[in-house]
Amino acid sequence: MISYNRFYQKIAQSRLSHWLNTLPAQLTLWQKENLHGEFAQWQKTLEALPKTTVSTIDLSSQVKAGERDDINDGEFKRIENLLKKFKPWRKGPYHIHGLHIDTEWRSDFKWDRLKNHISPLQDRYVLDIGCGSGYHLWRMRGEQAKFVVGIDPTQLFLMQFNAIQHFINDDCVNLLPLGVEDLPELKAFDTVFAMGVLYHRRSPIDFLYQLKAQLAKGGELVLETLIVDGDINTVLVPGERYAKMRNVWFLPSCDAMCAWLERVGFKNIRVVNTDITALDEQRKTQWIDTESLQDFLDPNDNTKTIEGYPAPKRAIFIANI
Ligand SMILES: C[S@@+](CC[C@H](N)C(=O)[O-])C[C@H]1O[C@@H](n2cnc3c(N)ncnc32)[C@H](O)[C@@H]1O
């Protein structure tokens, strides 16, 4: 069983206290009914991680906890072997006591693309919807956010987050195993991030309403998603697969995405970055055993996916309520 008591105590004293009306019952039910078949084994792996002295933590230029010299060779090997049990590691990279978890994605590239465009996170309550293993949660805390909550329903990513949390141990950074549809209208966060999630949603407009409902008055949305070139009327709805992914529904143009945000009531909408995903940002490493971007593109024309659609291009939108 995972105990969320520390989290509940923390939010009881905060502007998130009304979440306690629904969250404990939800998470208790989740632990009773929805645990992954390998959950118990994963928990054992987590519990086997050695308790170490972490001499340094850097969250502002990378996600790094501890130095190699803090631990002996046996502990290093043990940490490496245990963390490899949580493969595939998709989002990162992480540096734990000199161990470089070279994840499939260089999530730091995305952070670098957006960090100078967002309102400073210092002292803010921040929510990251679909946060994966939580790489960006740590970078948000590195920008001095007061309290950072991530939600993601994929339980392996929760384990990866808990493994990193084992070493960093910061109770102002939390990941809850929830989907966006599990959130009540909290209206409490200063910044809501939703990166790489919209195209997985079958109802993107409803999704935007769900994001808006989490923001405090005057709050900021940072939304990143796959887009296509085109005018305000251009939206790609791919066939069964896009870049081998089965669960991709709507890829709007930037203008169409801005129109959706406006329709839902966001203001001050701007596109701060567009970027074609490069082969050095998403690639196969020793920390994943599956395919990666190179395998999802047309081998004769990297401007197209293997299905013949435009290759992945992403945009970052910022808006306020
Ligand atoms: C492409 S990843 C993006 C991860 C991270 N935000 C980033 O930008 O690197 C999409 C994430 O959305 C999560 N996800 C899937 N369904 C979700 C839902 N209903 N609510 C919230 N997150 C969801 C997945 O588990 C996955 O971690």
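Here a trainee and a mentor talk through a predicted model and the terms used to describe it.

Mentor: Residues are numbered from 1 along each chain as its sequence is written, and side-chain values use heavy atoms, with hydrogens and water left out. Since this is a predicted model, local features need pLDDT of at least 70 and side-chain atom pairs count only at pLDDT 80 or more, while totals for chains, interfaces and linings use all residues.

Trainee: Why is strand β11 called largely enclosed?

Mentor: A residue is buried under 20% relative accessible area, exposed over 50%, and partly exposed in between, using a 1.4 Å probe and protein chains only. In β11 (residues 215-226), 10 of the 12 residues are buried, so the rest of the structure largely encloses this strand.

Trainee: How do you know that β10 and β11 pair?

Mentor: Strands are DSSP runs of E with at least two residues, helices are runs of H or I with at least four, and both are numbered from the N terminus. Two strands pair if DSSP finds at least two bridges between them. Between β10 (residues 189-195) and β11 there are 6 bridges, and the two run parallel, so they pair by that definition. Phe189 has Leu215 in β11 as its bridge partner.

Trainee: What makes the crossover from β10 to β11 right-handed or left-handed?

Mentor: With the strands pointing away from the viewer, a crossover is right-handed if the path from the first strand over the helix to the second runs clockwise. Here the chain goes from β10 through helix α8 (residues 204-212) to β11, and this β-α-β crossover is right-handed.

Trainee: What joins β11 to β17?

Mentor: 7 bridges join β11 to β17 (residues 313-320), and these strands run antiparallel. Glu220 stands opposite Asn320 in β17.

Trainee: How do you know that the span of helix α7 agrees with its length?

Mentor: The expected span is 1.5 Å times one less than the number of residues. For the 14 residues of α7 (residues 155-168) that should be 20 Å, and the end C-alpha atoms are 20 Å apart, which agrees. This helix is also mostly covered, with 13 of its 14 residues buried.

Trainee: What makes the atom pair of Asp152 and the ligand a polar contact?

Mentor: A polar contact is a pair of N or O atoms within 3.5 Å; within protein, one must be able to donate a hydrogen and the other to accept it, and residues adjacent in sequence count only if both atoms are side-chain atoms. A polar side-chain atom of Asp152 lies 2.6 Å from an oxygen atom of the ligand, so the pair meets that cut-off.
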